[in-house]
Amino acid sequence: MDVTISEILLTPIKQPLKLPFKTSLQHVKEREAILVTVISNEGLKGYGECVAFSTPWYTEETITGCRFVIENVLIPLLNGETLDGPEEVTGRFSQVKGNHMAKAAIEMAVWDLFAKKRKSPLWQMVGGSGEAVEAGVVVAADEAEIAGRVEAAVAKGYSRIKIKINPATNKELLKNIVSSYPDTLFFADANGAFDETNFNQLKQFDSIGLALIEQPFGEQEWQLHARAKREMKTAICLDESIKSFEDVERMIFEQAGDIIVLKMGRLGGWSETLRIVEICQKHSIGMWVGGMIEFGVSKAHNLALASLPGITLPGDFSDSGHFWERDIIVPEIKVADGNIELSKKHGIGYDIQL
């Protein structure tokens, strides 16, 4: 069942966050993104979202650079072309080096388009199952605010809470928070804030009761991550280090982690991400789906990804009202009883309302 692409549209989006998002790398107060709409000759529309940030604090790509690459390099490779399946996009983009976030924005829209062509929810088309995805929220706040933010998240029904940490984090405060909610799963995310000089400070987090520590060291610090995996009882999870299938192979070979975060934008889209899911299943590597302070289109794709067998840990799935006064999708994503229901509609399951 082929699809002929007749037009690809780019729509810039910019909204302030309801509350600042604070990490060891950056304080984000406003979010830019690009909505990608791929239109078939039949008039079907598939949606993707470019999740690069305004400045290169998280990855080398920026929203401005991605727009240039999408408009001038990637769109000409697809416009007017007929595809037999969404997997073909990766091959057509293979002549372009890097630029994973730019590629993913279009590739994800094509996957949505094919799901609509096949009259299937996207999560079913990729082999997902279940009625709902377990919701998790990220708390990125100052020490004075963190306890209240966690209390509010628990009250809303989130069963997993991720807290940002660094060497200066008040470990006693964090331990008290974690012990106060024994039925809640707690992740910690360092965003690479530790190094060899404060390795022993990282080890002190072992007594807190965390389910995992995400990216304690820089993205190329494979040996330090392997040492942490050997010496700590808390599971070590890699995020920024995982940009490709080859990075996962390296993590497995060097025994540098127990779990990985799946982020389709950073990986280049659905095709590469599905390859990574397969190798992780083969080697019993834990997986969960990470967020990028994204709007609802990206989150809808992530919900489909999180429905796949083997992705058992709760991902970054807050409801639309967590970051935004109003999301760009309808209906907005809602958390009920700690879960987000998977849409039965074709494609990503949501319409766009800008």
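Tryptophan 324 is buried in this predicted model, with a relative accessible area of 2%. Its ring forms an aromatic pair with that of phenylalanine 323, the centres being 6.0 Å apart and the planes inclined at 55°, which makes the pair tilted. Phenylalanine 323 is likewise buried, at a relative accessible area of 10%, and ring pairs link Phe295, Phe323 and Trp324 into a cluster.

Aspartate 319 is found in the loop between helix H12 (296-306) and helix H13 (320-323). With a relative accessible area of 4%, aspartate 319 counts as buried, and a polar atom of its side chain lies 3.1 Å from the backbone nitrogen of glycine 321. Once neighbours within four places in sequence are set aside, the residues in contact with aspartate 319 are Lys156, Tyr158, Lys299, Ile333, Lys334 and Val335.

The aromatic pairs number six in the model. One of them joins phenylalanine 194 and phenylalanine 205, whose ring centres are 5.9 Å apart and whose planes meet at 85°, so the pair is edge-to-face. Because phenylalanine 194 lies in the loop between strand S8 (185-189) and helix H7 (199-203), while phenylalanine 205 lies in the loop between H7 and strand S9 (212-214), the pair ties together parts that are eleven residues apart in sequence. Phenylalanine 194 is buried at a relative accessible area of 3%, and phenylalanine 205 is buried at 0%. Rings also lie beneath charged groups: arginine 227 lies over the face of phenylalanine 199, at 3.7 Å from the ring centre, and the charged end of arginine 160 sits over the ring of tryptophan 288, 5.3 Å from its centre.

Among the helices, H3 (residues 100-117) has 18 residues and should span 26 Å at 1.5 Å a residue, which agrees with the 25 Å between its end C-alpha atoms. Because 17 of its 18 residues are buried, H3 is largely enclosed by the rest of the structure. Just after H3, lysine 119 adopts a positive phi of about 55°.

In helix H9 (residues 245-254), the buried residues include Phe245, Asp247, Val248 and Met251. These four cover an arc of only 160° around the axis, and therefore lie on the same side of H9. The elements covering the buried residues of H9 include helix H8 (222-231), strand S10 (235-238), strand S11 (259-262) and helix H11 (270-282). Glutamine 255, just after H9, takes a positive phi of about 50°.

Glutamate 87, in the loop between strand S4 (82-83) and helix H2 (88-93), is partly exposed, with a relative accessible area of 47%. Apart from neighbours within four places in sequence, glutamate 87 is in contact with Trp111 and Ser271.

Note on methods
Residues numbered from 1 in each chain as written. Predicted model: local features only at pLDDT ≥ 70, side-chain atom pairs only at ≥ 80, totals over all residues. Heavy atoms only, no water. Helix = DSSP H or I, 4+ residues; strand = E, 2+ residues; numbered from the N terminus. Expected span 1.5 Å × (residues − 1). Buried < 20%, exposed > 50% of the residue type's maximum accessible area, 1.4 Å probe, protein only. Polar contact = N/O pair within 3.5 Å; in protein donor to acceptor, adjacent residues only side chain to side chain. Contact = heavy atoms within 4.5 Å. Arc of directions from axis to C-beta. Phe/Tyr/Trp six-rings, centres within 6.5 Å; stacked < 30°, edge-to-face > 60°. Lys NZ or Arg CZ within 6 Å of the ring centre and 35° of its normal.
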